[in-house]
Amino acid sequence: MSRPIFVGDVQGCAEELEILLARGTATFGDAFDLWIVGDVVNRGPKSLKVLRWMKAHEDCVVMVLGNHELHLLALSCGARGGKDRDTFKKTLKASDRDELLDWLRQLADVAKLCFSPFCCLVTEGRGGAIQ
């Protein structure tokens, strides 16, 4: 049985994500499913690298949007202004920007995970998201 591994708040930290994945592989081999629970961009130095990795592995990673991805999408279409601490300027200027943003737009902010006999909903924990 494949084991779910949940990772949240990657926040542009590509090297740390690689370390976590190596630990998962060392522990479970290839018998794990990676669930990314929002906030893969912003704060850290490699948002673009992390976003490209997520998209390249979309067939084997489940990802739900977090508030940082929603902020990036709003910023990209002019619906919101940037913040001084935003670190995804390279993402907004990247040659594959439109492809990455289109991919983000099709992601959900909640996903259902079922393994007998349980089912649960997975979402990023922004305040007020579930009313």
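**Exercise 1. Cysteines**

Decide whether Cys114 is buried, partly exposed or exposed.

Solution. Cys114 has a relative accessibility of 41% and therefore counts as partly exposed. The classes are buried for under 20% relative accessible area, exposed for over 50%, and partly exposed in between, with a 1.4 Å probe and protein chains only. The model is predicted, with local features requiring pLDDT of at least 70 and side-chain atom pairs counted only at pLDDT 80 or more, while totals for chains, interfaces and linings use all residues. Residues are numbered from 1 along each chain as its sequence is written, and side-chain values use heavy atoms, with hydrogens and water left out.

Next, find which cysteine is joined to Cys114.

Solution. Begin with the chemistry: a disulfide is a covalent bond between the sulfur atoms of two cysteines. The criterion applied here is a pair of cysteine sulfur atoms within 2.5 Å. Cys114 is joined to Cys119, with an S to S distance of 2.0 Å. The count by this rule is one disulfide. The last step is its handedness: the angle about the S-S bond is 115°, and the link of Cys114 and Cys119 is right-handed.

Then explain why Cys60 forms no bond with the closest cysteine sulfur.

Solution. That closest sulfur belongs to Cys120 and lies 19 Å from the sulfur of Cys60, which is too far for a bond. Cys60 itself has a relative accessible area of 46% and is partly exposed. For Cys77 the value is 55%, so Cys77 is exposed.

**Exercise 2. An aromatic pair**

Classify the ring pair of Phe6 and Trp35 as stacked, tilted or edge-to-face.

Solution. Such a pair is described by the distance of the centres and the angle of the planes. Rings of Phe, Tyr and Trp (its six-membered ring) pair if their centres lie within 6.5 Å; planes under 30 degrees apart are stacked, those over 60 edge-to-face, and the rest tilted. One aromatic pair results from this rule. The ring centres of Phe6 and Trp35 are 5.8 Å apart and the planes stand at 40°, so the pair is tilted.

Now place the two residues. Phe6 is in strand β1 (residues 3–7) and Trp35 in strand β2 (residues 32–37), so the pair ties together parts 29 residues apart in sequence. Strands (E, at least two residues) and helices (H or I, at least four) are DSSP runs, numbered from the N terminus. As to accessibility, Phe6 is partly exposed at 41%, whereas Trp35 is buried at 7%.

**Exercise 3. Two helices in contact**

Determine how the axes of α1 and α2 are oriented to each other.

Solution. Helix α1 (residues 14–28) and helix α2 (residues 47–56) have axes that come within 9 Å and cross at roughly 40°. Axes are lines fitted to C-alpha atoms, for helices over the stretch in contact, and angles run from 0 to 180 degrees between N-to-C directions. Angles under 35 degrees are roughly parallel, those over 145 roughly antiparallel, 65 to 115 roughly perpendicular, and the rest oblique. The two helices α1 and α2 are therefore oblique to each other.

Contact means heavy atoms within 4.5 Å. From α1 the contact residues are Ala14, Glu15, Leu17, Glu18 and Leu21, and from α2 they are Lys49, Val50, Trp53 and Met54. They divide into six nonpolar, no polar and three charged residues. In this scheme Ala, Val, Leu, Ile, Met, Phe, Trp, Tyr, Cys and Pro are nonpolar, Asp, Glu, Lys and Arg charged, and the others, Gly among them, polar. Glu18 is partly exposed at 44% relative accessibility, and its C-alpha atom is 9.8 Å from that of Val50, 32 residues apart along the chain.

**Exercise 4. Positive phi in a loop**

State where Asp39 and Asn42 lie, and whether each is buried or exposed.

Solution. Asp39 is in the loop between β2 and α2, and Asn42 is in the loop between β2 and α2. Asp39 is not a glycine, yet has a positive phi of about 60°; Asn42, not a glycine either, has one of about 80°. Asp39 is buried at 3% relative accessibility, and Asn42 is buried at 1%.

**Exercise 5. Helix α3**

Work out how many residues of helix α3 are buried, and what covers them.

Solution. Eight of the ten residues of α3 (residues 67–76) are buried, so the helix is largely enclosed by the rest of the structure. They are His68, Glu69, His71, Leu72, Leu73, Ala74, Leu75 and Ser76. Their cover includes α2, β3 (61–64), α4 (89–93) and α5 (97–105). After α3 comes Gly78, with a positive phi near 80°.
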